[in-house]
Amino acid sequence: MNENSMNVVAVIGAGTMGRGIAQVSAMAGCAVALQDTVPGAIDQARAAIAATLDKGVARGKLSGEEKEAALERIRFTLDLAAAVADADLVIEAIPEDLDAKRRLFGELDARAPTGAILASNTSSLGIAELARATARPERVVGLHFFNPVHRMRLVEVIVRPETAEEVQAGVVAFARALGKEPIVIRDSPGFATSRLGLALGLEAMRMVEEGVASARDIDLAMELGYNHPMGPLELTDVVGLDVRLAIAEHLADKIGERFRPPAILRRRVAEGKLGRKTGEGFYRWEGGEPVSPAETGAS
């Protein structure tokens, strides 16, 4: 491996983000191992990647030969040790549970080659916490991709003062090789995107809670007034209200009161109204599309 070429990539966690990262890595020519401990997750990932690539072929974005070549580059496995045995770069993409991520990084440190870079796709958790679980803290970074991975251009590269220069250069080059635009962010709570995006989203929720305007009108204000492609409340539904709540609680603990989750967010999560994935959040959803604002119980 040189600092501008990571030819063998292991992705740990075959959920939405993990399989998206595996797909774009394979399309960029990398040999990819996608690992998960749940057989059903592996089967779902294989089918989802194939379906996404099929859509790309149907839209003329890639050829049938390119699709087949990308699929052939991905090895699906339940075996963590086998997945990382010859990896240049390991990307963790499991759920946002700090203790689980720390345990995993300890395992990765023991099983991956000593020269491998260990990266986390976390959207808000501190990279320092994960680095401390390893004997190679200078080779641990954040690589925060966005959903859907094959369409979103941004990647946040999260570094610390201890990060080796060649490691930062290598992951920046890797992101560019995937056709992404990397930005380098110092390890801090929420990084850049989660912190800014959540601040906007929480204020939008408070406005609904206070009866300032409907969810749709608040979203239109940002879409038409600031040219955002999606308003903060619809985006919250897409991300998941439970995910937003967890990040808000983490940032409130680390940064302060301004990230305290509003009651409307806690209430809807408690009701199981988590956004698009459950059919209702700040909107009602059908077929993956918002059809109307939901009743929020706002004053």
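In this predicted model, Asn121 touches a scattered set of residues once neighbours up to four places away in sequence are set aside: Met17, Ile21, Glu92, Ala93, Leu143, His144 and Phe145. The residue itself sits in the loop that runs between β5 (117–120) and α6 (127–131). One of those partners is also reached through a polar contact, with the Asn121 side chain coming to 2.7 Å from the backbone nitrogen of Phe145. So is Asn121 buried or exposed? Its relative accessible area is 9%, and with the cut-off for buried set at under 20%, Asn121 therefore counts as buried.

Gly126 shares that loop between β5 and α6, but its surroundings are another story. At 22% relative accessible area, Gly126 is partly exposed. Gly126 is also part of the lining of the second largest pocket, along with Leu98, Leu125, Ala128, Glu129, Arg132, Asp187, Ser188, Pro189, His250 and Lys254. The space in this pocket comes to about 180 Å³. Which helices each supply at least two residues of the lining? They are α6 and α11 (241–254). Sorted by class, the lining is a mix of four nonpolar, three polar and four charged residues.

Moving away from the pocket, the C-alpha atom of Gly126 is 32 Å from that of Ala70, with the two positions 56 residues apart along the chain. Ala70 belongs to helix α3 (residues 64–72), where it is buried together with Lys67 and Leu71. These three cover an arc of only 100 degrees around the axis, so they end up on the same side of α3. Glu65 and Glu72, on the other side of the helix, are exposed. As for what the buried residues of α3 pack against, the partners are α1 (16–27), α2 (39–58) and β3 (74–77).

Around the end of α5 (98–111), two residues are worth taking together. Asp109 lies in the helix itself, while Ala112 is in the loop between α5 and β5. With a relative accessible area of 18%, Asp109 is buried, and Ala112 is buried as well, at 8%. Leaving out residues up to four places away in sequence, Asp109 touches Leu118, Thr134, Ala135 and Arg136. On the same basis, Ala112 touches Val84, Val90, Leu118 and Arg136. Ala112 and Ala85 are 27 residues apart along the chain, yet their C-alpha atoms are separated by 5.5 Å.

Finally, a few spots in the backbone stand out. Most residues other than glycine have a negative phi, and most peptide bonds are trans. Where does a cis peptide bond turn up? It joins Asn147 and Pro148, with omega about 0 degrees; Pro148 is in the loop between β6 (140–144) and β7 (154–159). Phe191, though not a glycine, has a positive phi of about 55 degrees. Its place is the loop between β8 (181–186) and α8 (193–209), and at 4% relative accessible area Phe191 is buried. Asn227 is another non-glycine residue with a positive phi, near 65 degrees. This one is found in the loop between α9 (215–225) and α10 (232–239), where Asn227 counts as exposed at 67% relative accessibility.

How values were computed
Residues numbered from 1 in each chain as written. Predicted model: local features only at pLDDT ≥ 70, side-chain atom pairs only at ≥ 80, totals over all residues. Heavy atoms only, no water. Helix = DSSP H or I, 4+ residues; strand = E, 2+ residues; numbered from the N terminus. Buried < 20%, exposed > 50% of the residue type's maximum accessible area, 1.4 Å probe, protein only. Polar contact = N/O pair within 3.5 Å; in protein donor to acceptor, adjacent residues only side chain to side chain. Contact = heavy atoms within 4.5 Å. 1 Å grid on protein atoms, 1.4 Å probe; cavity = no way out; pocket = protein on both sides within 12 Å on 5 of 7 lines; lining within 4 Å. Points joined across faces, edges and corners; volume = space filled by probe spheres on them. Nonpolar A, V, L, I, M, F, W, Y, C, P; charged D, E, K, R; others polar. Arc of directions from axis to C-beta.
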